[in-house]
Amino acid sequence: MTNSPSSTPPSLTYRDAGVDIDAGNELVERIKPLVKRSFRPEVMGGLGGFGALFDLSNKYREPVLVSGTDGVGTKLKLAQQLGRHDTIGIDLVAMCVNDVLVQGAEPLFFLDYFATGKLHIDTAAAVVGGIANGCTEAGCALIGGETAEMPDMYPPGEYDLAGFTVGAVEKSELLDGARVAQGDLLIGIASSGPHSNGYSLIRRIYDRAGQPADLVLEDGKRLVDALMAPTALYVKPVLALLKAHGEAIHGMAHITGGGLTENIIRVVPDGLGLDIRASAWSLPPVFQWLQREGAVADAEMWRTFNCGIGFVLVVPPAQAGRIGTALDGLGLAHWTIGEVTAATDGAERVHIG
């Protein structure tokens with residue numbers, strides 16, 4: 001039996017279901033010039049293909065590819081709450097490229113994933129613009145990505161981000177921590193703030209304190225600016241350091257989730273431990289505020305936040321002065337924060353005091 005005309009359901013489109021293909025196409029056109037600025041000579045073709053192409057043939061003799069993927073955690077919630085969409089993409093890039101840098105790799109290209117319930121072009125363009133700026137600052141190409149509009153998956157105004165990078169390093173120059181030895185010194189390089197870790201705790205403290213966005217900290221920064229400061233990109237200066245003094249660097253660590261307690265030890269061989277001197281640098285005001293307002297214990301601070309140290313170099317004592325001078329020349333604030341020790345049976349491998 002056929003349906004009568006009066007019972008025929010109305011025709012539906014993808015837009016009726018909540019997905020606007022035209023908006024997606026408009027976003028692509030908006031971001032094309034931003035993305036193109038990040039391209040390197042090795043990029044083959046442009047945006048729009050099913051896969052992105054990158055030519056390694058003229059740059060490396062024995063390339064080892066190093067990949068990394070990450071997000072920005074619940075810092076994304078704070079960014080959306082504050083309407084600050086233009087720098088969260090820098091955080092996304094930094095969390096990925098700083099990780100592959102640890103093994104001496106130069107980040108070559110980056111892919112992003114942006115997902116939302118309803119695509120708001122201005123917001124998405126601001127986010128991707130931040131990603132493109134981060135890639136340009138890190139010297140890697142934003143070679144492709146995915147924008148997913150998924151009705152009913154996310155509340156209105158919310159979106160999610162993920163990033164993926166591939167880097168390369170000559171096999172002979174790969175850093176894996178194998179050369180780290182007892183007596184090596186830890187040189188900590190300053191962070192720009194909490195970076196992109198610990199924000200579930202940060203948001204709890206911020207909310208409990210009454211969301212004092214305009215509170216001025218001891219260094220003159222507004223609290224909201226200190227909390228939203230983009231993650232530092234260490235790629236270009238550290239690559240320059242490796243090029244000039246690579247033989248003097250035994251290992252490196254990116255201080256992310258797990259803080260100082262759990263990240264440096266990842267590049268230290270079994271049988272060795274770390275003695276970190278908290279008095280070697282001053283806890284930045286934003287962390288002082290978080291600890292005070294949250295009544296956060298010292299041990300919890302060390303394993304949750306970077307506490308002002310975003311990247312660590314492990315160097316032999318005889319080379320520490322030379323590395324310190326080079327870091328000064330690169331404009332990177334730094335401190336000797338501890339040393340590699342022999343591990344004691346039954347004791348914690350990392351001591352911070």
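In this predicted model, strand β6 (159–170) and helix α7 (235–245) each contribute at least two residues to the lining of the second largest pocket. The space in this pocket amounts to about 460 Å³. Its lining comprises 18 residues, among which Gly-104, Val-169, Glu-173, Leu-242 and Lys-243 are the closest to the centre. Classified by chemical character, the lining of the second largest pocket consists of eight charged, seven nonpolar and three polar residues.

Strand β6 also belongs to an open sheet of four strands, arranged in the order β3-β6-β4-β5 with mixed pairing. The edge positions are occupied by β3 (63–70) and β5 (141–149); each has a single partner strand, so one side of each is left without a neighbour in the sheet. From one strand to the next, the twist averages 15 degrees. In general, the strands of a sheet pair through backbone hydrogen bonds, and the pairing is either parallel or antiparallel. Within this sheet, β4 (residues 106–116) and β6 run antiparallel and are joined by 10 bridges. Phe-109 stands opposite Val-166, a residue of β6.

Two helices are placed against these strands. Helix α3 (residues 88–101) lies across β3, β4 and β6, and its direction is at about 35 degrees to β6. Helix α4 (residues 121–138) packs on the sheet and touches β4, β5 and β6. The direction of α4 makes about 170 degrees with that of β4.

Conventions
Residues numbered from 1 in each chain as written. Predicted model: local features only at pLDDT ≥ 70, side-chain atom pairs only at ≥ 80, totals over all residues. Heavy atoms only, no water. 1 Å grid on protein atoms, 1.4 Å probe; cavity = no way out; pocket = protein on both sides within 12 Å on 5 of 7 lines; lining within 4 Å. Points joined across faces, edges and corners; volume = space filled by probe spheres on them. Nonpolar A, V, L, I, M, F, W, Y, C, P; charged D, E, K, R; others polar. Pairing = 2+ DSSP bridges. Axes fitted to C-alpha atoms, helices over the stretch in contact; angles between N-to-C directions. Contact = heavy atoms within 4.5 Å.
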